[in-house]
Amino acid sequence: MIRTVLLVDDDAAVREALAQTLELADIKALTAGSFVAAKDRITDKFEGVILSDMRMPGRDGFHLLEYARKQDPDLPVILLTGEGDIPMAVEAMGQGAFGFLEKPCAPAELLSVLERALKTRALVLDNRRLRRLVETGDPAARMLFGTSDLANALRKQVRLVAQTDGDVLVTGAPGAGVSKVAEVIHLSSGRSKAPFVKRAAAGLSPDALSEILSEAEGGSLFINEIGQLPAQLQLTLSEAVEGRTPVRLIAGSTQDLAAEVSAGRFNGDLYYRLEVLTVRIPSLAERPEDIPVMFRRYVDIAAEQSGQSAPEVTPQVVGGLMARDWPGNARALMSAAMRFVMGLPDEGEQDAALGLAEQMAHVEQSLLEAALRRAHGQASAAAEALKLPRKTFYDKLTRYGIKTEDFRD
């Protein structure tokens, strides 16, 4: 979450003390002694919030508030007031201030207000980003990479599920991109311009659940690893969505929730409500042909983010990628792309002595196994999908010791 505060106060001692309080709470403090010194940071792109003294020489807190509201009406401004400034502070609230604090204020009170403001700012900026994505076209095509049949099927399923308004369960192996798919479902839905609130299930309290249900009103609430939600909150959430709350619930899980229900560790009513609309993300092991496609996309993204030119992805690089199992799925592939762009060694690479022929053999074996998996062990269908003569296909299976019966349901 964004944790930056623009601190404006003409009293250097007060400014320094407040900055120390923020830094001890792991909040980055950008300090300024006047409105003029702070002005250039106050834009609609500023990712933090503003904490300003009310009374300052020249342009005071009222002027700063007015200026900030013109730049971005959703930018939280908290004002610090002296003992006699309470009526002024109340007036400031009427003009759009997020809050005010009377000096000297207790650190706990200060941090409580700032945490709420920072959370509000993060949500506003996140939803603006999502709206921009919606306005640029098909989110599924733009954000879910891959050219395999499984990748195309995933995008199609996401679009279909998005057009309904029921609650959704998104499943996949660790690193498969559960949260990304949940976001795409929201962006592709009729709620796309409403809030998209995402939280991890672990550690959620009843108050926090109530708060995020309120924040997501009219939009979508994504709760990741929902199997980790405490039992009582599972019941609370089940009752909330059953009561036709104006929130679409999108749950994410890398666990087998059906098994969790059988073991009595997950609420059955909640599970059976969610599993009606389930989106399963295929692992990279099921669609190895997508690995080079996705890697190149991640390389382009990493290069853009780091301001560097994208290195060439050579056949040798592709061979090395295809020779790996990728248990970490898309997340691990993305990390490898970032290291590749930065010129850093990839801890998961195969031995450098592995030649191109050996690497390409790994690629071929992976593609054969993936085709058989999709064809449920039917050799003729797999050979046809790979556009190989049946004899050539069987020869390759023999070469790699692949047995078709291992892929039959």
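Angles between helices run from 0 to 180 degrees between N-to-C directions, along axes fitted to C-alpha atoms over the stretch in contact. Keep that in mind as we walk through this predicted model.

Q: At what angle do helix 13 and helix 14 pack?
A: Helix 14 covers residues 315–322, and its axis lies 10 Å from that of helix 13. Helix 13 passes helix 14 in a right-handed crossing. The angle between the two is about 120°.

Q: How many charged residues are in the contact of helix 13 with helix 14?
A: Helix 13 brings Ile291, Pro292, Phe295 and Arg296, while helix 14 brings Val317, Val318, Leu321 and Met322. Sorted by class, seven of these are nonpolar and no residue is polar. Arg counts as charged, and the number of charged residues is one.

Q: Is helix 13 roughly parallel or oblique to helix 15?
A: These helices pack at an angle of about 50°, with their axes 8 Å apart. Angles under 35 degrees count as roughly parallel, and 65 to 115 as roughly perpendicular, so an angle of about 50° falls in neither group. Helix 13 is therefore oblique to helix 15.

Q: How many nonpolar residues are in the contact of helix 13 with helix 15?
A: From helix 13 come residues including Phe295, Tyr298 and Val299, and helix 15 offers Leu333, Met334 and Phe340 among them. Two residues of this contact are polar and none is charged. The nonpolar count is 16.

Q: Is helix 9 roughly parallel or roughly perpendicular to helix 10?
A: Helix 9 (residues 206–215) and helix 10 (residues 231–242) have axes 11 Å apart and an angle of about 25°. Angles under 35 degrees count as roughly parallel. Helix 9 is therefore, relative to helix 10, roughly parallel.

Q: Which polar residue sits where helix 9 meets helix 10?
A: Pro206, Leu209 and Leu213 of helix 9 meet Leu233, Thr236, Leu237 and Ala240 of helix 10. By class, this contact has six nonpolar, one polar and no charged residues. Pro, Leu and Ala count as nonpolar, so the polar one is Thr236.

Q: What is the volume of the largest pocket?
A: Let's turn to the pocket. Its lining has 38 residues, and Met143, Phe145, Lys180, Tyr298 and Met334 are the closest to its centre. By class, the lining has 20 nonpolar, six polar and twelve charged residues. The volume is about 1,000 Å³.

Q: Which helix gives the most to the lining of the largest pocket?
A: Several helices each supply at least two lining residues, including helix 5 (107–135), helix 8 (178–187) and helix 15 (329–342). The top contributor gives seven residues, and that is helix 13.

Terms used
Residues are numbered from 1 along each chain as its sequence is written. This is a predicted model: local features need pLDDT of at least 70, side-chain atom pairs count only at pLDDT 80 or more; totals for chains, interfaces and linings use all residues. Side-chain values use heavy atoms; hydrogens and water are left out. On a 1 Å grid over the protein atoms alone, a cavity is a set of points where a 1.4 Å probe fits but cannot get out, and a pocket is an open set with protein on both sides within 12 Å along at least five of seven lines; lining residues have an atom within 4 Å of a point. Grid points are joined across faces, edges and corners, and a volume is the space filled by probe spheres set on the points. Helices (H or I, at least four residues) and strands (E, at least two) are DSSP runs, numbered from the N terminus. Angles under 35 degrees count as roughly parallel, over 145 as roughly antiparallel, 65 to 115 as roughly perpendicular and the rest as oblique. Contact means heavy atoms within 4.5 Å. A crossing is left-handed if the near helix is turned anticlockwise from the far one by less than a right angle, and right-handed if clockwise.
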